[in-house]
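Visitor: I would like a close look at one spot in this model. Keep it brisk, and show me how that spot fits with the rest.

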Amino acid sequence: MSTQPVPKPVAGASGFVDDRIGAGNFLRRNLRKIFPDHWSFLLGEIALYSFIILLLTGTFLTFFFKPSMGHVEYTGSYGPLQGVMMSEAYASSLGISFDVRGGLLMRQMHHWAALLFIGGMMVHALRVFFTGAYRKPRELNWIIGVLLLTLALAEGLTGYSLPDDLLSGAGLRITEGVAISLPLVGTWITFFLFGGEYPGEDVISRFYSLHILLIPGILLALISAHMILMWVQKHTQMPGKGRTNENVVGAPFYPAFMVKAGAYFMFTFGVIALLGTFAQINPIWLFGPYTPADISAGSQPDFYMGFLEGSLRLMPAWEINVLGFTLPMSVLIPALVPMGIVMTGLALYPFIEQWVTGDRREHHIVDRPRNNPHRTSIGMAAITFYGVLWLLGANDEISSVFHVSLNWTTYVGRVLIFVGPAIAYYVTYRICLGLQRADAAVIGHGVESGVIKRLPHGEYIEVHVSPNEAIEAHMRGKEPIPVVTGGGGGDDDGIPSKAMRSPLGKLRTKMSAAYGGEKIPLDDGHGHGEGHEEHTAVGQGGDEKSLTH
Amino acid sequence: MTENNHGIEQPEERVPRRVIGTPPPAASTSLLGAEEHPSTEVVQVPGVTLQDEATAKKGEKYAALCFLVAFLAGIGFVVSYVVFQVGDIEKTQVSNLALGGTLTLALLGLAAGMVTWVRLVMPKYNLVQERHPMASDTETRSYVGETFMQGAAESGITKRPLLRRTLLAAAAPLGLAPLVLLRDLGPSYKDFPAKLRHTVWGEKTKDGKHRKLLVEGSGSPIRAADFNSPGGILSVVPEGYEHDLNALAKATLILIKFRPEELKPGTNLNWTHDGIVAYSKICTHVGCPAALYEQTTHHILCPCHQSTFDAADGAKVVFGPAARPLPQLPIAVDEEGYLVATADFPVPVGPSFWERGDAEAEVREAEVQKGAQS
């Protein structure tokens, strides 16, 4: 296959390695490993590269940051705060910004990379969800992904609290308020986390070791596992020409994918550098040192915490006092329920779907979102739920920008949080079916060519031509969603098995019938993809096609 | 257990019945160095469409230009580091722009060059690779199963319960060790709820007097006669604890001056002085300082989650997620006319916690009993 002899230094070095670890066998299988191409497959890479950039910039920051809550007088370069008493953490954060060359750049890049890391994970997770790429055999990797997202939120929270400015302290205070509200263990957890009463002198150094060692260590391990599983299972591919469930079509790892990935890393890095340079983020010197007695109006968390902030704002007052114990429901519900719904729902979805459809096959061709309308609708409902909470997390900004009553934003939000997802579900479902119909029309009747033809008897019609081969193959990748029939157990006698006759079994049959099946068949009996007009009176298919080719 | 972690990538020539976990057979020839039939052209392979020479040439030029830009920008970064110093806002801004700008240019130049390289110089690929089911074949599965059981039998763990049980017993306390070690994360005292029930307002000063209310920031005591414009508001900290964050997290106050007729029954008038009322500034929702005050409506608003309290009516909740009013602090004036706290808050301040209970109801009951006795 190759052409020239391998240059001596390369052959020598690689021979050395192969003699010792037998790397040749691995490389033989993997050098030309095929990676399918689609723009949406790049979303996860944003998160991956952002993580690497976080490690690089974060390491730089640790060289200068002092994770201590000891009180010092600020003597650094930033004039307005000179002589002010503050924690060493805040003073060193100011030092990174004003007394270390490139320090401000690294701090801002670190913060931007964190936003891109979590944002990248979110859109990647949505891509995987909507295309059904989590299906067997990839459920494990999906769960690793959910864990990664959860840990990334914790990583963001601990990192955000470190500079110990007034804004970061507000976040920490809310964290404490939520932790202490937990039934039975709340006060214990809080006093152990803070080493006593809030704020204490310990929390920053504790968060520091969580933020730079423990959580990133677990993240790194899980990300490696995520990558290895992806590598072993091979990437999914979009339906298309020549692509089957038994193959992978695309570009080889060496050299094309390697360089592409490298370029993409550089793009991500470059964009983060661009943001770090021109888009100011978290200007801590404007906020001043933390004190539990003060707060600035319009305190907003980072975007990924916005949904929790919104749910806290949305919740009506509710507190239960029983037998001398207190359950602050107006904290517990908003802090735990939305997060629980989203994360548990994500983690369990592959298994619930498997149970409903009874589909235990391996899937390597992903779905187009329209082709599994209920899944897509559930996803959109969840996005709406999350989105309403997220928007409400900024209801004070909404209120001041649009000049509407703050209280009304909350009232409207309390309704929208229930109504919004339902509407989103219905609308998405109809759109999905509409898109499926559009596909069926293209397959069944061809594509409008824009050519108007006059028939012998005077009628005008538009000539339809068969769709582009690649597009047609893409559309024909649609597969009916399996349905659990009453037979369930696989018997042919048509008598429901015992399990399927139980109430749960009946529910499963019902859900399966609604979820699965073929709602809009691609071929509706009009023939197969040949370009032909709507009008049955016209027969000379080849003739019209020649007009357009 | 039967996940085949290595085999997917090796098609036909894969050695059958390889035991899971053992390394793949070693290569017999030296890596990358075996084939030696020299030629200079890229060999045509199905699925690989080579670029025509003109495009590749153009691509090479573009990529080289990008790499050159990246090279210069990289040098610019180093130069910027030496040339521009940090310090005040302006200098830092210039340094940040120079460093960030050159870094951005270098990285994006590199990225653009690499993409040009892939798209214009490298071939178009449409290669196909087979997939195989993830599961290993039944023979492998049963082999692994047998080996597992045989190994278990050989080790004796299955038929020697003494060995098994003592091993488990040995592991259990060691597993607990890390948890035990975490005990000292918490403070030495155990009665956490008791800590939450008190603030420094309940303590007398060293010379046995009531603690003065000080203006936050300036630290000056407040003469009731000087705090006399209705609608006025002050953020207040306890004397002696002006900079103690642990004390401030519970004891910070919001002090409001009312016209006497504005006060409603929810406010305990015995704890006010001449229309001056002191409430805890720590929101009863999750503890943010409820720092915003609207004079016309007498509403105290917490900027975090918008819990709104009616300051004229005992700071009862009028909107938002907070479930309880801000606790009111009993205040009076000392002999010099300064505002002081006469006692601690009657109920715990700040966010609710499990052991808190309905402290407000207890206070009300106690008052009723006191009323009945007198």
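Is A:H403 buried or exposed, and what is its relative accessible area?

Guide: A:H403 is exposed, at a relative accessible area of 71%. Keep in mind that the model is predicted. The cut-off for exposed is over 50%, so 71% qualifies.

Now place the residue. A:H403 sits in a loop of chain A, with helix 14 (395–402) before the loop and helix 15 (406–445) after it. Its backbone is worth a look too. The phi of A:H403 is near 55°, a positive value although the residue is not glycine. Most residues other than glycine have a negative phi.

Helix 15 spans 406–445. The residue number of A:C432 falls within that span. A:C432 is buried, with a relative accessible area of 4%.

Chain B offers a counterpart in backbone terms. B:Q306 also has a positive phi, near 65°, and is likewise not glycine. Its surroundings contrast with those of A:H403. B:Q306 is buried, at 2% relative accessible area, whereas A:H403 is exposed. B:Q306 belongs to the loop between strand 9 and strand 10 of chain B.

That loop also carries half of a disulfide. B:C304 lies there, and its partner B:C288 lies in the loop between strand 7 (276–280) and strand 8 (292–294), so the link ties together parts 16 residues apart in sequence. The sulfur atoms of B:C288 and B:C304 are 2.1 Å apart. The turn about the S-S bond is -85°, a left-handed link. Both B:C288 and B:C304 are buried. Over all chains, the structure holds one disulfide.

What about B:C302? The closest cysteine sulfur to that of B:C302 belongs to B:C283, 4.0 Å away. A disulfide needs a pair of sulfur atoms within 2.5 Å, so 4.0 Å is too far for a bond. B:C302 counts as buried, at 2% relative accessibility.

Step back to chain B as a whole. It has seven helices and 14 strands. Of its 374 residues, 42% are buried. Its exposed area is about 20,400 Å², with 61% of that supplied by carbon and sulfur atoms. Among chain B contacts with a separation of 6 or more, 57% join residues 24 or more positions apart.

Return to chain A for its peptide bonds. A:Y198 and A:P199 are joined by a cis bond, with omega about -5°. A:P199 is in the loop between helix 8 (186–193) and helix 9 (203–233). A second cis bond runs from A:Y254 to A:P255, with omega near 5°. A:P255 is placed in helix 10, residues 253–278. Most peptide bonds are trans.

Last, the enclosed space. There are five cavities of 30 Å³ or more. The largest holds about 150 Å³. It is lined by 17 residues, and those closest to its centre are A:R173, A:E176, A:E197, B:L196 and B:K250. Three helices each give at least two lining residues: helix 7 (166–180) and helix 8 of chain A, and helix 6 (245–251) of chain B. By class, the lining has nine nonpolar, four polar and four charged residues.

Back to your spot, then. A:H403 is an exposed loop residue of chain A with a positive phi.

Definitions and conventions:
Residues are numbered from 1 along each chain as its sequence is written. Chains are lettered from A and ligands numbered from 1 in the order in which they are written. This is a predicted model: local features need pLDDT of at least 70, side-chain atom pairs count only at pLDDT 80 or more; totals for chains, interfaces and linings use all residues. Side-chain values use heavy atoms; hydrogens and water are left out. Helices (H or I, at least four residues) and strands (E, at least two) are DSSP runs, numbered from the N terminus. Buried means under 20% relative accessible area, exposed over 50%, partly exposed in between (1.4 Å probe, protein chains only). Contact means heavy atoms within 4.5 Å. Accessible areas come from the Shrake-Rupley method with a 1.4 Å probe; for residues, only the protein chains shown count as cover. On a 1 Å grid over the protein atoms alone, a cavity is a set of points where a 1.4 Å probe fits but cannot get out, and a pocket is an open set with protein on both sides within 12 Å along at least five of seven lines; lining residues have an atom within 4 Å of a point. Grid points are joined across faces, edges and corners, and a volume is the space filled by probe spheres set on the points. Ala, Val, Leu, Ile, Met, Phe, Trp, Tyr, Cys and Pro count as nonpolar, Asp, Glu, Lys and Arg as charged, and the others, Gly among them, as polar.
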